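The report below concerns one parallel sheet and one pocket. Please look at the model first and then read on.

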Amino acid sequence: MKKELPKVVIVGGGYGGIIVSKQLEKILKPGEADVTLINKHNYHYITTQLHKTSAGTSPDNRVALNIPDLLQKNKINFVKGTVYDIDFEEKRVYLDHQGALEYDYLLIAPGFDVNTFGIPGVDEYAFKIRSFRNSKSIHHHIIHQFKSFKEDHDLSRLTFAVAGAGFTGIEMIGELVDAIPRLCREFDIPVHKTRIINIEATDAILPFFDKKAIDFTKNYLKKHDVEVMTSTKIVECKRDSVVLDNGYSIPCRTLIWSCGVRGNRLLEKLNLPLVRGKVEVDEYLRVKGMEDVFCIGDAAHSLDRDGRPHGATAQVAIQQAQTCGPNIAAVLRGQPLKPFVYKHKGTVASIGSRAGVGNVFGLKITGLFASFMKQIVEARYLFILGGPFFMTKQMLKPASNVFMETAPTRNK
Ligand SMILES: Cc1cc2nc3c(=O)[nH]c(=O)nc-3n(C[C@H](O)[C@H](O)[C@H](O)COP(=O)(O)OP(=O)(O)OC[C@H]3O[C@@H](n4cnc5c(N)ncnc54)[C@H](O)[C@@H]3O)c2cc1C
C-alpha cells in the first residue's frame, strides 16, 4: 500500500504563499510531503504593480503570471479556489464549490483587505486597488469615462481623484500623471479639461519618507498640475461626486480609494487570535498557540525585536516566506525552527515611469534614479521567484494584455 504523505496546504498565492511554495519545491525531497497551493485565481499578481494596471500603464503579462507555469507540477499541486472556512480541529480547509482539503500543516497567507473606515458610499462607488481584477476594472472605468465624455461632455468624467497620499496613493497619482495626457491624445480631448486630485485627511504626504523625498514629490505633483488637498477628509462618496468635510463637493466619477489596509476578512471568521484584524504569530511565524498552522504577509501580526509590528509590505511578506518555507520543512523533519528576523533593505515609491523617491541601504534617492531603482527591486523579485533565466524572459517578453483565467484548475 502507498504510504500516506504528510499534507501541507498553503492558502493564498501572493508574495508570501508563492515564495513558500517555491521554497518547499526546492527543499523537500520527493516523497517527503504532499504540498498544495490554493489561490483564488490561476495567476499570481505582482501587487506592487497594481497601480500600473489600474492606470493602464503596464501590460497585463508583466503583472499577472500564470501560477501553473511558476511551479514544478510534480512537486506542488495547485488548486484554483476560494477558501471560505478552516476547521482547525478536523484540520480541513473548505473551498467554495469544491469541498474540502485536509492538511497536517497549514500556511495562511490570504493578504489584505482595503480599509474603508465605514465612510458612506466608499464600498459602493469608490474603486479599490485590491487585486488584479479590481485594478483592471479601474482601467476599464477610466477608458469608459473618456468615451462617454465624447458623447455627453460631462466634466465630472474627466476628474480623477485618489484618496490617500501615502505610499500607494502617491504611486497611483504618479501613474495617472503619465496616463491621462496619453488618453487625452487618444480621445482628442484637451488635457486642460481633466483634473487629477489627491485628497488626504492628514496634513502630510508620504509619511515615513524624509523631507527631501516629500519636497521632491510635492514639486513633481505641482509641476504636473495635480491638486493636492491635505487636511481634507472625505465624508461621502457618491456615484458622481465626492463630498468633503469642508462643505465642498467635487463633481467626480472616479475616486480611487487608497487609505490603508487591514487583514483579509476571511481571518475574522476563523476564531484565531487577532490584533487589528491580523493573526498573532510567534517568532517562528506560527499562529499563537498552534504548532501546525503558520501565517505570514499582510494577514500576520508579527513583531520585531523591539515589539513593533512589521509593516504590510511585500518586502516583509517575501522575507517571512523565506523563513517560513524552511520552518515548514523543519517541522516535517522534526528539526528545530528558526525565528524570523526582518532586515529592512529600503523603500522606493515610483511616481510614474520617470520619477520616484526612496531610501536604499541608507542612501536617499529621488527622480529618475529612484525610478530605475524601483525597476531593480521589481526585477529582484522576479529573480527570487524564478532565477535569472525566468527574470530575463519575463522582462523581455513582448507586452500582451491577453488575460488568462482559463488554465486547468488543477495541475496534478
Ligand atoms: C498598489 C500597491 C502598491 C504596493 N507597493 C509596494 C511596494 O512598492 N513595496 C512593498 O514592499 N509593498 C508594496 N505594497 C504592499 C504589498 O503588495 C503587500 O504587502 C503584499 O502583497 C503582501 O503579500 P501577501 O502574500 O501577504 O498578500 P497578497 O500579495 O495580497 O496575496 C494574497 C493572495 O491570496 C489570495 N487570496 C485571498 N483570499 C483568498 C481566499 N479566501 N482563498 C484563496 N485565495 C485567497 C489572493 O487572490 C492573492 O493572490 C503595495 C500594495 C499595493 C496595493
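## Sheet and pocket

Strand 12 (residues 159–163) and strand 18 (residues 254–257) pair in the parallel sense over 4 bridges, where strands are DSSP runs (E, at least two residues), helices are such runs of H or I with at least four residues, both numbered from the N terminus, and pairing requires at least two DSSP bridges. Within this pair, Ala-161 stands opposite Leu-255 of strand 18. The model is predicted, with local features needing pLDDT of at least 70 and side-chain atom pairs pLDDT 80 or more, whereas totals for chains, interfaces and linings use all residues. Residues are numbered from 1 along each chain as its sequence is written, and side-chain values use heavy atoms, without hydrogens and water.

The open sheet has 5 strands in the order 11-18-12-13-14, with parallel pairing. Strand 11 (127–128) and strand 14 (226–229) each have a single partner strand, so one side of each is left without a neighbour in the sheet.

The second largest pocket (an open set of points on a 1 Å grid over the protein atoms alone, where a 1.4 Å probe fits, with protein on both sides within 12 Å along at least five of seven lines; lining residues have an atom within 4 Å of a point) is lined by 24 residues, with Gln-49, Lys-52, Ser-58, Arg-62 and Gln-375 nearest its centre. Helix 11 gives the largest share of this lining, 9 residues.

| Lining class (second largest pocket) | Residues |
|---|---|
| Nonpolar (Ala, Val, Leu, Ile, Met, Phe, Trp, Tyr, Cys, Pro) | 6 residues |
| Polar (the others, Gly among them) | 11 residues |
| Charged (Asp, Glu, Lys, Arg) | 7 residues |
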